[in-house]
Amino acid sequence: NTLARRYSTIYAVGVSLGGNALAKYLGEQGSNAVPRASAVVSAPVDAVAAGTHFDQGMTRLIYTRYFLNSLLPKARAIPQFQTALSRQNCKTLGDFDDRFTAPLHGFADRHDYYRRNSCKPFLKGVDTPLLLLNAVNDPFLPPEALPTGRDVSSAVTLRACRLCQSRLGPSESAMAAANGVGLFQTVSAVNEKGHVCDMPLVCRK
């Protein structure tokens, strides 16, 4: 409401987990959502599938140590988790979410957390234009978990492409946000007329 009072037109861009949260908000709010149009990039839209996929195979081998090395010290800085978290009992991100993320935010366990925070079940409720962009070779989300036309409302434009670098770092996230803002006028105009949006995408080669 504060933003709506300050700005006459608001657009929103969300990347990764922030994108999932934005898309879920849009689905929950429907026509009451604040942004006039939004873009979501590389969001783990099905957190149940993403969580399972992340803890297996090459994705676990490549990414788990990197994330836990960053997350565990931050989590242990919270008094009630100082002795509950260690590399011995947190060998996967699923372990971390069971022992930290879920209890911290009032969820029964990681499965409850993933199920209740996935945006995919809410996409049929989106009522303002939304561009949902994912990589089909995203190492965090299996391609079969990506939404199809049956999973979304007519306000949602789905785009999937194959990227050599399928996860976004800070600089790529900023570029994605800038490109998303540049697309808003086209996405909004096309969807408000009920037409299928067809536009070029900027993909890393």
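**Strand β2 and its surroundings**

Strand β1 (residues 11–15) and strand β2 pair in the parallel sense, with five bridges between them. Pairing here takes at least two bridges found by DSSP, and strands (E, at least two residues) and helices (H or I, at least four) are DSSP runs, numbered from the N terminus. This is a predicted model, so local features need pLDDT of at least 70 and side-chain atom pairs count only at pLDDT 80 or more, while totals for chains, interfaces and linings use all residues. Residues are numbered from 1 along each chain as its sequence is written, and side-chain values use heavy atoms, leaving out hydrogens and water.

Back to the pair of strands: Gly14 sits opposite Val40 in β2. Put helix α2 (residues 17–29) together with β1 and β2, and a right-handed β-α-β unit appears. Right-handed means that, with the strands pointing away from the viewer, the path from the first strand over the helix to the second runs clockwise. β2 also runs parallel to strand β3 (residues 130–135), joined by four bridges; Ser38 has Leu130 of β3 as its bridge partner.

How enclosed is β2 (residues 37–41)? Largely, because five of its five residues are buried. Buried stands for under 20% relative accessible area, exposed for over 50%, and partly exposed for anything in between (1.4 Å probe, protein chains only). Both faces of β2 are covered, with Ala37, Ala39 and Val41 buried on one side and Ser38 and Val40 buried on the other.

Helix α4 (residues 57–76) holds Met58 and also Thr59. Met58 is exposed, at a relative accessible area of 55%, whereas Thr59 is buried, at 8%. Leaving aside residues up to four places away in sequence, Thr59 touches His53, Phe54, Thr64, Pro139 and Phe140, a contact being heavy atoms within 4.5 Å. Met58, for its part, joins Leu61 and Ile62 in a nonpolar surface patch, and together they have about 350 Å² of accessible area. Such areas come from the Shrake-Rupley method with a 1.4 Å probe, and for residues only the protein chains shown count as cover. Patch members have over 30% relative accessible area and no salt bridge; like charges are joined within 9 Å, and nonpolar side chains (Val, Leu, Ile, Met, Phe, Trp, Tyr) within 5 Å. A salt bridge puts a side-chain nitrogen of Lys or Arg within 4 Å of a carboxyl oxygen of Asp or Glu.

Zooming out, the protein has seven helices and four strands. Of its 205 residues, 44% count as buried.
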